[in-house]
Amino acid sequence: MRLHSFRTTTHDPAARGQELAARFGTLITRNVRDYLLHFSAKSIPETQVRSTAENCFEALHEWDAGLALELRAQAEALEIELWQLSALNARTEVLAAAEPSREGECSTSAFLSGRGAPVTLQTWDWHPHLAADGLLHELECAGSRRIKQFTEFGINGKIGVNSDGLGLHFNILAHATDHPGGGVPVHSIARSVLERATTLDEAIDLTADASVCASTVLTVVTGGERPEVASLEFSPLGQRIVNRTDNGWALHTNHFLDAGLFSQDVMPADSTTAERYDYLSQRTSGAAAASTAELLDLLASGPDEQPLLCMAPEPGKPATEQWETLLSIGLDTDNFTLQYSNTNPDLASRDGLLTF
């Protein structure tokens, strides 16, 4: 995956959307095309894709009008139909119309020592044919707050940190009540938290009323004078809080940790989510990490170990069943930076991290 960095400085959502379209129009429209083909390959009818996309855009407009306006401005500037760009932004919600994939995406670890800033790392595992390019985007919000985030072109947000010392990671989940009827897109919820929250409690309160139709978990960390971490699990049944601590580890892969939601977890039985969670638990038990680089070294697999955090395409399988660890990324809340490598943790541990 090639990573592109870009900074927008306007506070106006429409102007920001136009600026992104002008700079990255080819990559956004390619993503729209590739995802529409992906949905078709997953046997989701175009009528369903359009219905989900339109309902999700309406839900987003009601919940965070600015993010909806940014998407509308992009679609108008690119002269593509709004529902098509909305389908891209709501790709998790559209995919709720298909059976859950064998794999999820992402393994997240966060550590708080009880004294200093959080130390975090996650992998982003996704279909390589949908992620030839990714965006590192710095933007300015109303007032003086800034955001640095990684996302896919044409999608509001995903993983990031804001200049007030709050950051978040993002993992997909699967619940029996997931449906393609429409809700606030989970990628937009992530972006909205970065724009509008400065504390963990603010992030929890902000998202408590977000009605979703597809499940996900946001692991939110805060630095500064009161470092905290918690994982906010979302399903159509509502928000649940797990992993909350100011001293210790918060780990998450692609199954629910809330007992009530886990009872209706539908991640396939042959998924590696439980194995990856156990691996994270074993590697972090009794351990500490003072930096993202130290955490990366802690989680990297040894020469004789199965690289559970390092997914690679399997020859002969269709593109919809190919997975690859495309990004390893950590958040530095106190210094307002992302530390990343566009590869898996084993290679990143060997070659080092970049800073955005």
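**Note on helix geometry and packing**

1. In this predicted model, serine 43 follows helix H1 and has a positive phi, near 65°.

2. The other end of H1 also has a feature to check by eye. At the start of the helix, the backbone nitrogen of alanine 14 has a side-chain oxygen of aspartate 12 within 3.2 Å.

3. Between these ends, H1 (residues 13–41) is not straight: a straight helix of 29 residues would span 42 Å, at 1.5 Å a residue, whereas the end C-alpha atoms of H1 span only 33 Å. Where does H1 bend? The bend lies at phenylalanine 24 and amounts to about 95°.

4. H1 packs against H3, with the two axes 7 Å apart and at an angle of about 50°. Angles from 65 to 115 degrees count as roughly perpendicular and those under 35 as roughly parallel; H1 and H3 are therefore oblique to each other. The crossing of H1 past H3 is right-handed.

5. Which residues of H1 meet H3? Among them are Pro13, Ala14, Gly17, Leu20, Ala21, Gly25 and Ile28. The residues of H3 in this contact include Gly66, Leu69, Ala73, Gln74 and Ala77. As a general guide to reading such lists, an α-helix has 3.6 residues a turn, so residues three or four places apart point the same way.

6. Helix H3 (residues 65–78) also packs against helix H4 (residues 82–89): their axes come within 9 Å and cross at roughly 130°. That angle makes H3 oblique to H4. H3 passes H4 in a right-handed crossing. On the H3 side the contact is made by Leu71, Arg72, Gln74 and Ala75, and on the H4 side by Leu82, Leu85 and Asn89. Gln74 is thus listed in the contact with H4 and in the contact with H1.

7. A further pair is formed by helix H6 (residues 186–196) and helix H7 (residues 200–207), whose axes are 10 Å apart and at an angle of about 135°. H6 and H7 are therefore oblique to each other, and H6 passes H7 in a right-handed crossing. Ile189, Ser192, Val193 and Arg196 of H6 meet Glu202, Ala203, Leu206 and Thr207 of H7.

Key. Residues are numbered from 1 along each chain as its sequence is written. This is a predicted model: local features need pLDDT of at least 70, side-chain atom pairs count only at pLDDT 80 or more; totals for chains, interfaces and linings use all residues. Side-chain values use heavy atoms; hydrogens and water are left out. Helices (H or I, at least four residues) and strands (E, at least two) are DSSP runs, numbered from the N terminus. The expected span of a helix is 1.5 Å times one less than its number of residues. The bend at a residue is the angle between axes fitted to the seven residues ending there and the seven starting there. A polar contact is a pair of N or O atoms within 3.5 Å; within protein, one must be able to donate a hydrogen and the other to accept it, and residues adjacent in sequence count only if both atoms are side-chain atoms. Axes are lines fitted to C-alpha atoms, for helices over the stretch in contact, and angles run from 0 to 180 degrees between N-to-C directions. Angles under 35 degrees count as roughly parallel, over 145 as roughly antiparallel, 65 to 115 as roughly perpendicular and the rest as oblique. A crossing is left-handed if the near helix is turned anticlockwise from the far one by less than a right angle, and right-handed if clockwise. Contact means heavy atoms within 4.5 Å.
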